Amino acid sequence: MATLEKLHSQLSVPSNSRVLMLLGQLERMNTEVMLRDVETARQVTAKIYHLIQTQERSGKEVMSKGSSGMEVILASLENSRDVQTTLNIMYILSELLTVGRGRRVGVFVSKGGTGILFQILILASIEIPPSEELMLQLHALLAKVGPKDRTFGLKARLTGALNITVNVMKQNLQNTKLLLPCLQVLRIYSTNSVNAISLGKNGVVELMFKIVGPYSKKNTSLFKVALEALGALLKSKTNARRVVDSGLVSVLLALYLDWHRNDTRHCCMLIRKGLLVCLRNITNIKLGRKAFLEADGMRILYNSSAECLPVRTLDPLVNTSSLIMRKCFPKNRLPLPTIKSAFHFQLPHVPPEGPVAQLYSQPPGVDDVVDESDDNEELEAETDTENDEDDKEQCNLNDDIETDLNKLHPKRTIGCSFEELKVYQTFFSELSEDFQGYNFEFLKSASPTSSSAYFFSSPSARFTRPVVVPTAEAPSPKQIPHSQDVCNSVKKHQTLSSPSPSSPQTPLDLGTIHLIKNKDKKEDTNIPTPDGHTAPPSFCRTPSQGHMMEQELSHPLECLSLEDKGNQNAEAGSDRVKNEESPVNNLRHIQSPLLLGGFPIRRAGGGGSNVGSDCGSDGAEDEGGEGGVLEVPDTAQLLPLHDPDLYVEMVKGTESVPQYAEVAYPDYFGHVAPMFKEPLLERIYGVQRSKIFQDIERLIHPNDILDKVVYDIDHPSPVTEENSESLKFNSQFESGNLRKAVQVRKYEYDLILNADINSNHYHQWFYFEVSGMRVGATYRFNIINCEKSNSQFNYGMQVLMYSVQEAISGRPRWVRTGTDICYYKNHFARSSIATGGQKGKSYYTLTFSINFSHKDDVCYFAYHYPYTYSTLKMHLSKLEAMRTPQIYFRQDVLCETLGGNTCPLLTITAMPESKSSDHICQFRNRPLIFLSARVHPGETNASWVMKGTLEFLMGSSPLAVSLREAYIFKIVPMLNPDGVINGNHRCSLSGEDLNRQWQNPNPELHPTIYHTKGLLQYLAYIQRAPLVFCDYHGHSRKKNVFMYGCSVKETVWQSDISATSSDLHEDLGYRTLPKILSQIAPAFSMASSSFVVERSKESTARVVVWREIGVKRSYTMESTLCGCDQGKYKGLQIGTRELEEMGSQFCVALLRLKRLTGIRNHQHLLDMESDIIGTHTKPVR
Ligand SMILES: [Zn+2]
């Protein structure tokens, strides 16, 4: 026997160890001897026990590495049939296993000790009555080794030990000494789910309730263990059901309350926590939640938690209580008639399998706001911190990697004939233009061209020719306009726009700005007086609506003429405005919305409750007479691309589905980035918890809840309540998307966002106006129908606010603001119709609090810096005006969108030096750079980055000159104008994400994508595929700016697919541009960039342009919506200045790229690129 030899060999070593000698003696007693010579066995084991008890050394010798002491002890235990000997051996084990921090227990378990203990337990239970001491020692040992034995529960069940323990407990309920180790063992048994069910059947749940009693200073350790066992048992739904059926939920609550009240010194936290854990597990089942509510659980836990809040050590109780309350909070429906977007857009055709067909296929009368489901999803952890989305994403990414090598190889065929593509030739006239009719003398003078022309008026405009853009299906001339038509219509607008009034160019002196009164502006920017904006029908009047007007005029106070004030202000400066004695007048001054004259207002909403009416310019003029003119801060010096009058002109040409007739002040005034830093907001401990408690109070104190609808685009109310203390809301302007506002308490509002048009979800972006605020109050706003499971609002991001009072005081700007910001799952149920079939999902709340600094202000809130389509058109017009004769700038209309807006396409390069064939040749052969942005409307930061790029490209710096001479830029600055205009977050009017349509864009439903792809296919066909393609995006869950690119090699590295060496031989050029950016752009992070091709991204611009057009450097550039955690801007939120800088640094990086790729020697080029990209190309696995 190996053990024997081992021990002998050990003993043969000269040793004076008594314990080892005794062990040797024990080993030599075989089964037979043990049974025969009981006395010797008792003596030997007693001596060993004595030695181990008294000499630490002895225990070490038995347990030393290489010793077979444990085997000998276990063999003797197994063979012993004498209770005293068995007890002695268990005393020995108990001594041995108490020391050694688990290693000795590990040895015991690995030698099969647990099984032997269970065998002895079975044998001992046969004795009647069983030896109490033996039972005590057995359970004490089992409790000690159980946690270290992974199969403990299974072994207990298979040997039949479960019931023995239970029976011992049942017979010894008063014997706490024996009961405690039994409970400790039971607690371990119960963690096994099969055991839990079996124990439940045996009445153990009820047994635990017999043990746990009201507050007492005695037996607390017993209670604690019993509760832990009960908590484990109640994880089984059958057991939870058992408790509910026996009416024990109220017993648990009463016990909790009793302990809460009496344990004033908080010595029994674990018992209180144990009771809560039981409740937590019971409320995992629907019946448990019902019983909890019926037993007044919400009030009990709410009140007790409120009392615990001041004591930080009681946080675990508050957190668990909060978790239970959130789970049991009855799921509410959103207070909406339907979750379908409030506005519907009739598509030219509705693909039967598409999202719009699905959306509108439900039979009438189906309530899509909630469904019957009550599946309870897993709630997040009990702590105040959030689940980490990025971890989740990381897992998903690995599943998402493209492993089909065929899909990683370039597609060789373009997929359409040159005949089809030839129509795009017209957008590339620079590639064939010979400039023979052009006077190059112009180039010698550097003066800018006249700035009065907005569109197509530059010399380059001659290149724009009519184009018939093809569609796969027969195009109707209405859908596919000729760019000439667009040109005409634009010209018409131009004539509409009266020459810019020559307002005095007072420089914007921050702080002491002079307000300019300009009566000439009246026609464009009439300001009607009454609170029209909360009552849409009333603010657009025609003579036929005279009665309404009279009604409003009958409130003379509201209609104070503001012209006089304006004049005073003009003289007195902004201080006068701030110190305005009668702020009510001032309120009327700015509260009303800016209206566009001459445009019909018609509500095209799903509600359809508003009658169309014309808002004639006459009516508007009348109003102007009453309302006066708003003073516009003069930002011309600081914002060269901004012009309020021009903005209003642009809005007039913008087609929105709701036919908006108002202009939001921030877009009108413009935004001057503040000079101060805006650090990431530090989260205050317990914010989320206190917000959730306030939400729970709605249920506890329902009488405190106002529940007053103050804004509702589904049911616009024509009557505006006077002297109301409620805030007024509005978002009937470009990119606005507030659907409903409900005043919950005096200073708290629930806000509901509209879904993307022709969709029932994608709520994230927001932009709305608030007025009627009080100073000194803290307002809480809750956007209650958010969908993402986490948000950067939990990690330092603040909302953006724009104050009109600040603007007219010389500080026209969006600022990061809001305190107590957090984002958490709420109690509003999401219909499975909007979750892709997933049941039991909830919405999320974004909450933030605001203290307004000005009385009678009009403030705007937005998810990120707004950038409307009209803003883009204004910027393009200004940029074109900035053009010098050296710049070749062309603005074409790529196509018309579904909503009837034009999609601009820009061409920017340098004019050829002369009309000599060499120069013309150099001009035509410049590599192309293709840029696009804003396919996702909610990612407004992409437009600010694009603005930075465009301003740089049109600039006069030597770098800009070189850049223009190096490349031809083709830019689609806004791929989704309709989405932007209508306040969508993600989609176009087709209800689809346009950045998932690139593989097979539909010319009718996705015209901007279809034609942008057409341009690229044309270029591929004529062998002029761009050197770089980059689509600008925004990222809502990550910090910094970074790029996604495409690499076969890096994709293969990330996956397990085997690839041939040719797959792994790849030009590393795709890394050059992001690497340069990480060196020169402070916000850019190479570490956040990725070059893996994901399956879910196979129809994005980046992947399709890479694979189908063959552009190696095809990228998505993602800019954070939040801020940076590295580089110069570490710890700061991102602003428009940083975003625009990113756009200009992108240009600088392209110039550096040119210097590298311009080198003819290809190998040399590769070396240089390798130098730049360094060693960062090793696989990361
Ligand atoms: Zn995006």
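The following paragraphs describe two helix pairs and two buried residues in a predicted model. Local features need pLDDT of at least 70, side-chain atom pairs count only at pLDDT 80 or more, and totals for chains, interfaces and linings use all residues. Residues are numbered from 1 along each chain as its sequence is written, and side-chain values use heavy atoms, with hydrogens and water left out.

Two packed helices are described by the angle between their axes and the distance between the axes. Helices are DSSP runs (H or I, at least four residues) numbered from the N terminus. Axes are lines fitted to C-alpha atoms over the stretch in contact, and angles run from 0 to 180 degrees between N-to-C directions.

Helix 9 (residues 113-126) and helix 10 (residues 132-145) have axes that come within 10 Å and cross at roughly 155°. Helix 9 is therefore roughly antiparallel to helix 10, a label for angles over 145 degrees. Their crossing is left-handed, meaning that the near helix is turned anticlockwise from the far one by less than a right angle. In helix 9, the residues in contact (heavy atoms within 4.5 Å) include Leu 117, Phe 118 and Leu 121, and those of helix 10 include Leu 138, Leu 141 and Leu 142. By class, this contact has 11 nonpolar, 3 polar and no charged residues. Ala, Val, Leu, Ile, Met, Phe, Trp, Tyr, Cys and Pro count as nonpolar, Asp, Glu, Lys and Arg as charged, and the others, Gly among them, as polar.

The axes of helix 34 (residues 644-652) and helix 38 (residues 869-882) come within 8 Å and cross at roughly 125°. That angle makes helix 34 oblique to helix 38, the class left over when angles under 35, over 145 and from 65 to 115 degrees are set aside. Helix 34 contributes Leu 646, Tyr 647, Met 650 and Val 651 to the contact, while helix 38 contributes residues including Lys 873, Met 874 and Lys 878. The contact has 5 nonpolar, 3 polar and 2 charged residues.

Ile 282 lies in helix 19 (residues 269-282). With 0% relative accessibility, Ile 282 counts as buried (under 20% relative accessible area, 1.4 Å probe, protein chains only). Among the residues that Ile 282 touches, not counting those up to four places away in sequence, are Leu 234, Val 244 and Leu 252. The C-alpha atoms of Ile 282 and Val 244 are 7.8 Å apart, with these positions 38 residues apart along the chain counted as their separation.

Glu 1050, in helix 44 (residues 1048-1054), also counts as buried, at 10% relative accessibility. Its side chain is joined to that of Arg 1071 by a polar contact of 2.7 Å (a pair of N or O atoms within 3.5 Å; within protein, one must be able to donate a hydrogen and the other to accept it, and residues adjacent in sequence count only if both atoms are side-chain atoms).

Conventions: Helices (H or I, at least four residues) and strands (E, at least two) are DSSP runs, numbered from the N terminus. Buried means under 20% relative accessible area, exposed over 50%, partly exposed in between (1.4 Å probe, protein chains only).
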